[in-house]
Amino acid sequence: MEKEDPRNRMTVFDMVSKFEGGSSRTDEDQRKLAMPRALMPPGARLEAPRPADPEHWPQREQDRETPQRKHGENSRGPRHSPLPARKECEPPGSTEPPGASRDFTWKKMHSFRKRHSTQRLIRREVKSTLEGPEEEEEETVKEEKKETVEEKLFKIAKELLDTEKAYVSRLHLLDQVFYAELLKEARLCSSFPEDIVKQIFSNISSVFQFHQQFFLPELQRRMDDWGSNPRIGDILQKVAPFLKMYGQYVCCFDRAMDLITTWMEKSPRFEEIVLDIQKREACGNLTLQHHMLEPVQRVPRYEMLLKDYLKKLPPGSLDRADSEKALEIIFEAAKHSNAAIADMEHLEKLWEVYEMLGMEEEMVDPSNKLIKEGPILKISFRSASRKERHIFLFNNMLLYCVPKFSLVGVRFFIRTRLDMDGMQVKDLNDVEFPHAFLVSGKLRTLELQARSQEEMQSWIQACQQAIDQNEKKTESFKAATSSLAQDLQQVSVERQELGKRAPQLIRDKLVSMCMRCKEPFNAFIRRRHHCRACGYVVCWKCSDYKAALEYDENRQNRVCFECSSILEGQTGTRDREDKKRGILEKEAAEVSGRSLMCSFLQVLEKNGRVGSRGWFVIPRDEPMILYMYAAPQDVKAQSTIPLLGYQVKELLPGDNRCAFQLTQSKQTLSFLAESEEQRERWAEIINQVANGENQWSLDV
């Protein structure tokens, strides 16, 4: 309750004065009450209000006559008259008898006491009178609240009916006026295409018929019978599933707006008809676009009204269950419309991509979904160089494209198309090319490099999800999916379906020797070649074979001796070779995959000059041996170093911060790492391995 202003407290006295039949204070009195005493005129005083009617005066004052009463004046004298003690100020010729002033003062005090006690009694009665109605008023408010809830529910239902009537009239205007007249003109005079009119208004006829013939009559009957059946939840629950038809209208709305704008400028007759209808009274000075927006807003309007209705609905109401179910269905219908909008935006984006790619008609499929697209770096298996490329990932294929320097029209050339059926993707964990990953299809395998670890993981995840979804839909790819988690180089040629899918071609710079005969390559006698079946880098002697490969439409391709034997049905060659393998004949890729530490190191000669660069590996299953390979994909090590007894020498001032030395008695080996961090890692692992300190639990 707000605090009462002290200046307004005098209204209680006004009530008392009215109760006694007198008048309330004058404006002059109110002004003097608010005026500080220091500012009041000399001799001025403000007296309590006195009843004007003598009948309400105290009895003793009525029985005694005073000289003032004879003259028709108040016994207290004129307002603001001088005090009796100051008789010298009275005008000459006064008729007041001696002793009258003293008598008058006593009567005045007696009258004041009686009047004051009377006013206190009246205040008490007024207070009790005011407190009583407050309690009654609270009870009345409570009763009115019950009525207010029922009235609010009725008002919401009435608002739903009124807005529905107005909405149906708008639908009638759209369907029976705009649509009908434009369609008639298109059919009779061919001023503009009939198909354009149908695209603009979409399924507005179905929406209009549903509301006019079904929803509005049902709602009207219920409101007419509201007194005996005050509920709307059951009706809304019954009609809510039909609201999904708005999805088609909402989906075509943006396109319809563009068509209206285009044909208003393109066709004078189209513009004339639309403007003529807009001038009619039924349009309310609104444009066609404004009226077409109403169906888009209608479903959210139902949802808002029903939420308000549920807030006012008592918890135990019979209509609550139906209303909550109706709200749930309407919410789903709204989501359906939103999904339709998202699908339309997706199709528009898809069409933009098709235009950028200049795709042929047979490749343009509206059922395709663009999942991800963006620039990428392609790693060449010949020169290990990187080139700017662009890839588009769809739900059923991946397009590998080359950018074309053009601002309009076709902006990319499609170099390779990899179907999702049979595609594989994996992280390469390549030291030379960080953030690199492999995409392997039946026709080609691509080594790609992202710009960051997060971008690489995003591409791998998107590709894998597309592969999984394609497998669930088609159920045509039933090969062992465990191969996705394995290194493609470790899977045997038989399990890779040799010749049926494009292999991963090993980069030339990752190999220094033939991966079959293990002879070193040179630029004149033993050059590098790729087996088109397994992807290995082999010499000319080991690749002097031809075989028809299924993934290349059974054309003859260069293959190695082992793949040729398998494709021709011969087996056992690899098993015999495995029995002859020595300690150095361990493939670098196989050892690196289960290593404690592996990286490139440069060997430093005794004179401090930088020597050859090699790939060094400490296997997890052989932690006491340091393997040295010429390249990361070599199938045979150049040499091994037993680490037992070696220690890493501490750096001295002025030493290269990336260099470290292994010392054992009088023997010293010097190496140069690619970074200080890598140098510290090598020193830590070698010290722990050489001292036998928990070497198998080390984490790389």
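## Burial and overall make-up

Of the 700 residues in the protein, 41% count as buried. The model is a predicted one. The protein holds 17 helices and 18 strands. About 40,800 Å² of the protein is exposed. Carbon and sulfur atoms supply 51% of that area.

Contacts across the sequence also matter to the picture. Take the contacts in the protein with a separation of 6 or more. Residues 24 or more positions apart account for 57% of them.

## Helices α9 and α10

Two packed helices are described by the angle between their axes and the distance between the axes. Here the pair is α9, residues 246–266, and α10, residues 268–278. Their axes come within 5 Å. They cross at roughly 115°. That angle makes α9 roughly perpendicular to α10, because angles of 65 to 115 degrees count as roughly perpendicular.

Which residues of α9 and α10 make the contact? From α9 come I260, W263, M264 and K266. From α10 come P268, F270, E271, V274 and L275. By class, seven of the contact residues are nonpolar and two are charged. No polar residue takes part in this contact of α9 with α10.

## A buried salt bridge between α5 and α11

The whole structure contains 30 salt bridges. One of these joins the side chains of E164 and R298, at 2.9 Å from N to O. The pair links distant parts of the chain. E164 sits in helix α5, residues 100–189. R298 sits in helix α11, residues 288–312. The two residues are 134 residues apart.

Are E164 and R298 buried or exposed? Both E164 and R298 are buried.

## E218 and its partners

E218 forms a salt bridge with R221, at 3.0 Å from N to O. Both residues lie in helix α7, residues 204–224. They are three residues apart, about one turn of the helix. E218 has a relative accessible area of 18%, so E218 is buried, the cut-off being under 20%.

E218 also forms a salt bridge with K238. Their closest N and O atoms are 3.6 Å apart. This pair links distant parts of the chain, with E218 in helix α7 and K238 in helix α8, residues 233–239. The two are 20 residues apart. K238 has a relative accessibility of 43%, so K238 counts as partly exposed, between the cut-offs of 20% and 50%.

Salt bridges can also share partners, as in one network that joins E181, D276 and R280.

## S380 in a loop between strands

Where is S380 found? S380 lies in the loop between β1, residues 370–379, and β2, residues 386–394. S380 has a relative accessibility of 17%, so S380 counts as buried, again under the 20% cut-off.

S380 and I506 are 126 residues apart along the chain. Their C-alpha atoms are separated by 9.9 Å. Leaving aside residues up to four places away in sequence, S380 touches S385 and R507.

Notes: Residues numbered from 1 in each chain as written. Predicted model: local features only at pLDDT ≥ 70, side-chain atom pairs only at ≥ 80, totals over all residues. Heavy atoms only, no water. Helix = DSSP H or I, 4+ residues; strand = E, 2+ residues; numbered from the N terminus. Buried < 20%, exposed > 50% of the residue type's maximum accessible area, 1.4 Å probe, protein only. Contact = heavy atoms within 4.5 Å. Areas by Shrake-Rupley, 256 points an atom, 1.4 Å probe, with all protein chains shown as cover. Axes fitted to C-alpha atoms, helices over the stretch in contact; angles between N-to-C directions. Parallel < 35°, antiparallel > 145°, perpendicular 65-115°, else oblique. Nonpolar A, V, L, I, M, F, W, Y, C, P; charged D, E, K, R; others polar. Salt bridge = Lys/Arg side-chain N within 4 Å of Asp/Glu carboxyl O.
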